[in-house]
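Open the structure in your viewer and keep the selection tool at hand. The tour below moves from one selection to the next and says what is there at each stop.

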Amino acid sequence: MNIATLSSIMLIIFFAVMIYVGYYSRKKTTDVEGFVLGGRSVGPWLTAFAFGTSYFSAVIFVGYAGQFGWNFGMSATWAGLGNAFIGSLLAWNILGRRTRIMTQHLDAKTMPDFFGKRYNSDKLKIAASVIVFIFLIPYTASLYNGLSSLFGMAFHIPYWVIIIIMAVLTGIYVIVGGYMATAINDFIQGIIMLFGICAVIGAVLMQNGGLVEATKKLAKIDDAGWQGAYSSFLGPDPLALLFVVVLTSLGTWGLPQMVGKFYAIKSEKDIHKGTVISTVFAIIVAGGCYFLGGFGKLYADQIKIGPNGKPLFDTIVPTMLKGLHPVIIAVVIVLVLSASMSTLSSLVLTSSSTFTLDVIKPFTKKDMTEKKQVNIMRVFILFFIAVSAIIAIVKDAYPTVTFIAQMMGVSWGALAGAFLAPFLYGLYWKKTTRFATAICYIWGCGIAILQLVITLSGKDVSGWGPVLGYIFKSSINSGVVAMVGGLIIVPIVSILSRVKDDGHVAKMFECYDEKVEVPVKDALD
């Protein structure tokens with residue numbers, strides 16, 4: 001059986017299961033909380049897998065694994081471990097419990113809604129919604145990256161057809177089943193990703209004579225100026241690797257589609273279970289992806305080179321897979337599609353719920369029924385999926401339109417830079433102010449927009465000095481500065497702009513203290 005036939009059979013089964021899950025989950029979509037958060041009753045396994053599959057899309061498996069594996073060799077595995085221990089383990093431990101309790105106490109259903117109620121400011125809520133709208137759409141469009149090369153190995157169909165199929169099928173199960181459908185499908189897709197990445201790593205290593213032999217081959221490459229750089233502990237550029245680890249790991253703490261998973265989990269007890277599950281999932285999937293990409297240099301003579309003289313990073317991993325057994329390639333195709341669809345569903349659900357609840361509803365003079373709000377969200381899910389698909393098709397058809405590609409690159413840094421600090425401090429520190437939150441919005445988005453302008457203009461920043469020149473050398477570096485800078489700016493500005501608490505904030509934080517009644521044996525001293 002050839003690759004096309006085998007892949008087609010597996011994809012048909014996969015799509016049928018996804019649609020059935022959407023139909024099965026429709027009973028949970030009768031009200032806003034059910035559609036957006038699954039009624040806040042989602043168990044640890046579904047939540048942990050939803051968190052992981054939203055985290056690791058085809059961008060990770062195809063794009064980042066190829067790019068960072070090529071640049072750093074086997075040390076790129078540190079990025080995967082950082083994703084596991086900082087982006088998953090620490091995120092669940094530090095954000096999980098407090099996010100679940102505080103958002104239920106405030107009845108906040110989205111991140112902008114949390115900002116509005118936590119800081120008692122509709123302006124902050126609307127501003128956050130606008131930021132999500134602007135920067136989440138190009139991020140959503142980037143999920144289609146890498147699909148072209150992989151599907152080209154099995155099917156001889158235009159790239160735009162692949163995009164439309166993926167968009168339509170994702171739209172069906174999200175529109176019909178809401179959050180619960182995405183959570184169940186994320187679990188199924190996560191299982192595929194776990195087994196798929198293990199199978200691919202084993203096959204690629206066997207293709208190169210096993211782990212030891214493949215490592216020896218990698219150690220002989222001296223592109224970095226000294227032999228053994230790509231098989232070393234920290235790779236050829238440890239500082240650049242550190243920035244990659246921080247951006248891809250700490251960044252999840254401020255992304256609305258990621259922290260939104262904590263809103264929906266059933267109980268505190270489930271958070272402890274979810275922490276373990278999510279961390280193990282990330283170690284295998286993220287660690288495996290970057291570890292696999294670290295061997296990309298072994299295929300240097302087969303990699304396509306772009307007009308700038310650099311390799312086309314999205315083609316590195318597909319090139320590594322070309323000589324594998326048809327069953328493995330078919331599994332990889334389903335794996336990458338699973339990773340893309342799970343993240344796409346999470347992003348469009350986040351975008352539509354944010355825009356409906358935090359922008360449309362406040363500006364509507366008449367009261368909106370629960371059913372009407374859900375229907376509006378469904379319309380916007382369709383809208384966001386359509387826009388992201390169109391952007392991806394235009395980007396592929398007109399590669400000279402660099403604005404789209406660069407917007408995708410800065411989206412992560414802008415969202416995390418604007419939201420991470422005010423969200424984190426807002427959960428823990430009573431004295432965090434709305435003014436500090438507004439300044440952080442400006443800081444995060446400002447850094448991202450400046451980076452976009454510099455990149456599009458092709459300006460040489462090396463003359464800006466060793467610090468500024470390094471910061472704006474890439475969207476990775478500037479994104480890290482935006483996040484870390486926000487963590488410094490928010491407490492300083494909060495102290496300088498401190499306002500007297502009228503008891504509102506203190507009462508808000510009482511939700512963390514559980515009140516219990518105990519029997520008293522002696523009423524007298």
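Begin by selecting Arg-40, which in this predicted model is a buried residue, because its relative accessible area is 6% and the cut-off for buried is under 20%. Now add Glu-33 to the selection: the two residues form a salt bridge, and their closest N and O atoms are 3.5 Å apart. Glu-33 has a relative accessible area of 24%, so this partner counts as partly exposed.

How many salt bridges does a search of the whole structure find? The search finds 4, and two more of them are worth a visit here.

For the next stop, select Arg-97 and Glu-268, whose side chains meet in a salt bridge with a distance of 2.7 Å from N to O. This pair links distant parts of the chain, since Arg-97 belongs to helix 5 (residues 77-106) and Glu-268 to helix 13 (residues 268-293), and the two are 171 residues apart. Arg-97 is partly exposed at a relative accessible area of 31%, and Glu-268 is also partly exposed, at 39%.

Then select Asp-107, which lies in the loop between helix 5 and helix 6 (111-118). Its side chain meets that of Lys-109 in a salt bridge, 3.2 Å from N to O. Is each partner of this bridge buried or partly exposed? Asp-107 counts as partly exposed at 36% relative accessibility, whereas Lys-109 is buried, with a relative accessible area of 17%. While Asp-107 is still selected, look at its backbone as well, where phi is near 55°, a positive value in a residue other than glycine.

A backbone angle of this kind can be found again at Asn-120, where phi is near 50°, which is positive although the residue is not a glycine. Select Asn-120 in the loop between helix 6 and helix 7 (122-141). Asn-120 is exposed, because its relative accessible area is 52% and the cut-off for exposed is over 50%.

The next stops concern aromatic rings, of which the structure holds 34 pairs. Select Phe-509 and Tyr-512 as one example: their ring centres are 5.8 Å apart and their planes stand at 75°, so the pair is edge-to-face. Both Phe-509 and Tyr-512 are buried.

Keep Tyr-512 in view and add Arg-98, which lies over the face of this ring, at 4.1 Å from the ring centre. Which other ring has the charged end of Arg-98 sitting over it? Select Tyr-428 to find out, for the charged end of Arg-98 sits over the Tyr-428 ring too, 4.3 Å from its centre.

To see a wider group of rings, select Trp-45, Phe-49, Phe-51, Tyr-55, Phe-56, Trp-92, Phe-187, Phe-262 and Phe-281 together, which ring pairs link into a cluster.

Now turn to the surface and select Ile-19, Trp-160, Ile-164, Val-168, Ile-172 and Val-176, which form a nonpolar patch with about 470 Å² of accessible area together. The largest share of this patch, 5 residues, comes from helix 9 (residues 159-207). Among the patch residues, Val-176 lies in helix 9 and counts as partly exposed, at 31% relative accessibility.

Stay on helix 9 and select Gly-171, which has its place in this helix but counts as buried, at 8% relative accessibility. Add Thr-343 and compare the two separations, because the viewer shows what the sequence alone does not: Gly-171 and Thr-343 are 172 residues apart in sequence and 12 Å apart in space, from C-alpha to C-alpha.The last selection is helix 18 (residues 434-457), whose 24 residues should span 34 Å at 1.5 Å a residue, and whose end C-alpha atoms are 34 Å apart, which agrees. Within helix 18 you can then pick out buried residues, including Ala-436, Cys-440, Tyr-441, Gly-444, Ile-447, Gln-451 and Ile-454. Finish the tour at Gly-458, the residue that follows helix 18, where phi is positive, near 70°.

Conventions
Residues numbered from 1 in each chain as written. Predicted model: local features only at pLDDT ≥ 70, side-chain atom pairs only at ≥ 80, totals over all residues. Heavy atoms only, no water. Buried < 20%, exposed > 50% of the residue type's maximum accessible area, 1.4 Å probe, protein only. Helix = DSSP H or I, 4+ residues; strand = E, 2+ residues; numbered from the N terminus. Phe/Tyr/Trp six-rings, centres within 6.5 Å; stacked < 30°, edge-to-face > 60°. Lys NZ or Arg CZ within 6 Å of the ring centre and 35° of its normal. Patch = residues over 30% accessible without salt bridge, like charges linked within 9 Å, V, L, I, M, F, W, Y side chains within 5 Å. Areas by Shrake-Rupley, 256 points an atom, 1.4 Å probe, with all protein chains shown as cover. Expected span 1.5 Å × (residues − 1).
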